[in-house]
Amino acid sequence: MSDMRTEYAKTLIEIGRENPNVVVLGADTTDSLKTSGFGKEFPNRFFNVGIAEGNLVSVSAGLAGSGKVPFASTYAIFLPGRAVDQIRNGIAYPSPPGKKGLNVKLVVSHGGLSVGPDGGSHQQIEDIAIMRAIPNFRVFIPADTVSVSKLVQLMSKEYGPFYMRMARSKTPIVHSESQEFQIGRGITLRDGSDCTIAACGITVQMALEAAEILQKEGISCRVLDMFSVKPIDGSLLEKAARETGCIVTSEEHNILGGMGSAVAESVTERYPVPIKRIGAQDMFGESARDNEIPLLLEKHGITSFNMVKQVKEIRSKKP
Amino acid sequence: MGLNYYHIKKNVLRARKLVIKSTSLAGSGHPGGSFSMAEILGCLFYKFLKFDPKNPSWEDRDRLVLSKGHAAPGLFSNMAVAGYFPESEMESLRKFGSKLQGHPDLKCPGVEFCGGSLGTGLSYSIGIALAAKIDTKDHHVYTIIGDGESDEGQIWEAAMTASKYKLDNLTAFLDRNFIQQDSYTEQVMPLDEELTGNNISEMWKDASRWKTGDKWRSFGWNVIEIDGHRIEQIELAITKARATKGVPTIIISRTVKGKSIEHMEDNPQWHGKAPDLDIVPLINLELDSQFMIAPSIIAGDMTNLANEVKRCASGRADYIHLDVMDGKFVPTKTFDHSKIKELRPLTVIPFDSHLMIAEPVKHVRDYAEAGSDIITVHAEVCDDSSFGEIHDYLKQNQVGVGLAINPDTDIPEWSYKFLPTIDQLIVMSVVPGKSGQKYIPETHEKMNKITSILQEQKFTGYIEADGGVNLENIESCFEDGARAFVGGSAIIGKPDVRESIRDFRNQILKARRKTLIKKAHQLGGAELVNKWIGLHVVGEKKDQLAKIAKEEKLI
């Protein structure tokens, strides 16, 4: 198990050494996000604006407008959830000649229900829907620390606005160090021919476990890491639809507008097959101590067992 | 260096006209807030900002962020005047396919910030200022925020942040026009204190009620409070802001929404409404009829001119007229440049030095260096070559160029080629030499003749009426085309300078209203006259205009 925030902070320092234009901003969560380490190494390129998320976003935009590559970070609930106007009108909309949006990277921690004890007020289950709907933004949901490191590297080199959502809890490593990450390209973690589970974030590991269980029951399940929710990998999904005939999606997000919606939109247009979306069923989360987080997720059906169940049900709906 | 007073004033006028043209053609837009910040933008664009319209993304340019983005027509029109794009392109404002969007947008090269959602531009400016600090660049960031916009909490988040990071490369202007979309700011969300009653000018006048400066001071900013329509005050404020180290500066500029157009001034209706096309010619005529009053201090106590300057300043003169006489060109002697230098520190009000001296070409440098902002020399003692030298020298030093003619002098033909760039023409209505003479009535006839020459030669400056101007003849001076009025014994000679300047203003205002009503009648008969009068909803204006129209038998 390894910690996404630690990996994020470590990678920031690496890219900060390579690129003097990288700057990091926080809003009184820099210890929690561990970005304060960047501030120690590069004190004049690190800005803590206090508990002022709108200001955080707009100051980042101004830095980007002057050629800097800002990484602005706090908890998920306080960025898309609070500062959507500053994100939309301040980062996504302003487009210098020949470019789309300003070069700001919004990287958040504490996405989804697995935030745990802080409760429903702090469990951001709408951010994918919000960020996906804003033109010019690209949206990543990494499954592990390998993804975090590679995606931060990728974002720092690719011009434009990005949103990346990390989980609060430590996560198992699902990708090999040599795994390549490309914008708009999902990753096939396990091949299969009877059905597909498309997952993102902490549910990727669950999907692998589900596939293992299904394998024992003689069902061949494909597992996709759809870390790039926007742009979504339409051709990988189409291939899965053609070859496996049904898709179950899984995410710790409202099923309305999340990764599952993105998959359904794409598949419906390209090669319609039965789809089942796992996630919060349009309801909020609640407090759960760290060891109770699996119970909270279970309440919302976000478990490998529910994936197994849904795969079995949806297979019967194949045409 | 002079203030570049007339240069700024002329460009501000051009920009205001473009705001009217573009919003009226678009059928929507925000002229009120564009006009309240017009002089601020004028001073920035034509005096302080480093920029290159041919290379809008020049790295070392100063940055101008219009946080109150709805005033986009004001920004765009100045960009047009400054040469970023042809003025004709203003006609595309707010139309499909135009780079001139309803709010400032990067689609238009040279625009720094996509405004529209209020409260975010100051934070954006902080980002620019921080980047400049990282890169050790010395360009400056100027940001204009609105008072309605200051309802947004993010303004105060930004206020704290700029202070924390000691951003002395950031200067903000608060366009304090006291009006936001719904109503007066002090009714919607008071920045100073809640307005009881409905007369916003009460708040404007009473400095003891202003709290906004205290707010910003308590956030750690250097605060400068000015009249945001006075070029000389804006220039001094920016100069002070640039010299302040270790803290950001905010220039709280008291302004009038819709400034220059009577029916728009202080009228919340003109926050976000475009003028109808049929009244545009009237608005343009009103813009062309802005006027200034310059008391002439030699009409006062010659033994205490410093006190006369102070009386002018407290009387709110637009500029101060200084009659320099050398005892050669005219028989009398008053003072020379050393006196002007001595008086200069007493006020920032522009000095309008009228040199009634022989061989002005030999002395003009002394008068510029003494701190004159406008220097007028006499045609009788100049020729093509010497005036050319004076003209070029003054332009280079940002001092206004004036030419004066005596009652028995015609505009000399050699001066025609300078007329398009001369800032001020003084048509003497007394024989120069001493104060207190009577206005020569033939001047009116002469003015008629001159006006046609000036039109032919594309003169765009101000005509200054000088000599025996008083409340009785000022109306006809205005009708003759004068837009600057020197008041000697009629102002300085009176015990209360402020009151006599106010009387001058009211009398000229009456003449202007009459001119506009006549124009309305000429263009659209009684119907347009009534429409024009009906627009003047604030205060007593409507009744006063109706009275004039009835007197003139136009309604």
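Q: What do the angle and the axes of two packed helices refer to?
A: Axes are lines fitted to C-alpha atoms, for helices over the stretch in contact, and angles run from 0 to 180 degrees between N-to-C directions. Helices (H or I, at least four residues) and strands (E, at least two) are DSSP runs, numbered from the N terminus.

Q: How are residues and chains labelled, and what kind of model is this?
A: Residues are numbered from 1 along each chain as its sequence is written, while chains are lettered from A and ligands numbered from 1 in the order in which they are written. The model is predicted, with local features needing pLDDT of at least 70, side-chain atom pairs counted only at pLDDT 80 or more, and totals for chains, interfaces and linings using all residues.

Q: What are the confidence values?
A: Chain B has a mean pLDDT (the predictor's confidence in each residue, from 0 to 100) of 95, and 100% of its residues reach 70 or more. For the complex, the predictor gives an ipTM of 0.95 and a pTM of 0.96.

Q: Why are helix 11 and helix 19 of chain B called oblique to each other?
A: Helix 11 (280-288) and helix 19 (497-535) of chain B pack at about 130°, and their axes are 10 Å apart. Angles under 35 degrees count as roughly parallel, over 145 as roughly antiparallel, 65 to 115 as roughly perpendicular and the rest as oblique. The angle fits none of the named ranges, so this pair is oblique.

Q: Which hand does the crossing of helix 11 and helix 19 of chain B have?
A: The crossing is left-handed. That word applies if the near helix is turned anticlockwise from the far one by less than a right angle; clockwise is right-handed.

Q: Which residues make this contact?
A: Helix 11 of chain B brings Pro281(B), Leu282(B), Leu285(B) and Glu286(B). Helix 19 of chain B brings Leu516(B), Lys519(B), Ala520(B), Leu523(B) and Trp532(B). Contact means that the C-beta atoms, placed from the backbone, lie within 7 Å.

Q: How do these residues divide by type?
A: Seven are nonpolar, none is polar and two are charged. Ala, Val, Leu, Ile, Met, Phe, Trp, Tyr, Cys and Pro count as nonpolar, Asp, Glu, Lys and Arg as charged, and the others, Gly among them, as polar.

Q: What makes helix 19 and helix 20 of chain B roughly perpendicular?
A: Helix 19 and helix 20 (541-551) of chain B pack at about 95°, with axes 10 Å apart. That angle falls in the 65 to 115 range, so the pair is roughly perpendicular. Arg513(B), Lys514(B), Ile517(B), Val529(B) and Ile533(B) of helix 19 meet Lys542(B), Leu545(B), Ala546(B), Ile548(B) and Ala549(B) of helix 20. The contact has seven nonpolar, no polar and three charged residues.

Q: Why is helix 7 of chain A oblique to helix 11 of chain A?
A: The axes of helix 7 (203-216) and helix 11 (304-315) of chain A come within 8 Å and cross at roughly 55°. No named range holds that angle, so helix 7 of chain A is oblique to helix 11 of chain A. The crossing is right-handed.

Q: How do you know which strands are at the edges of the seven-stranded sheet of chain A?
A: The sheet is open, with order 2-1-3-4-6-5-10 and mixed pairing. Strand 2 (46-48) and strand 10 (228-230) of chain A each pair on one side only, and are the edge strands. Two strands pair if DSSP finds at least two bridges between them.

Q: How do you know that strand 3 and strand 4 of chain A pair?
A: Strand 3 (69-75) and strand 4 (105-109) of chain A share five bridges, in the parallel sense. The definition asks for at least two, so they pair. Ser73(A) has Val107(A) as its bridge partner in strand 4.

Q: What pairing does the eight-stranded sheet of chain B have?
A: Its pairing is parallel, the sheet is open, and its order is 6-13-12-11-10-9-8-7. Strand 6 (292-295) and strand 7 (320-325) of chain B are its edges. Six bridges join strand 7 to strand 8 (351-356) of chain B. Met325(B) stands opposite Met356(B) in strand 8.

Q: How many residues of chain A touch chain B?
A: 27 residues of chain A are in contact with 21 of chain B. Helix 3 (53-65) and helix 4 (84-92) of chain A each give two or more residues to this side. Helix 3 of chain A gives the most, with nine.

Technical notes:
Contact = placed C-beta atoms within 7 Å.
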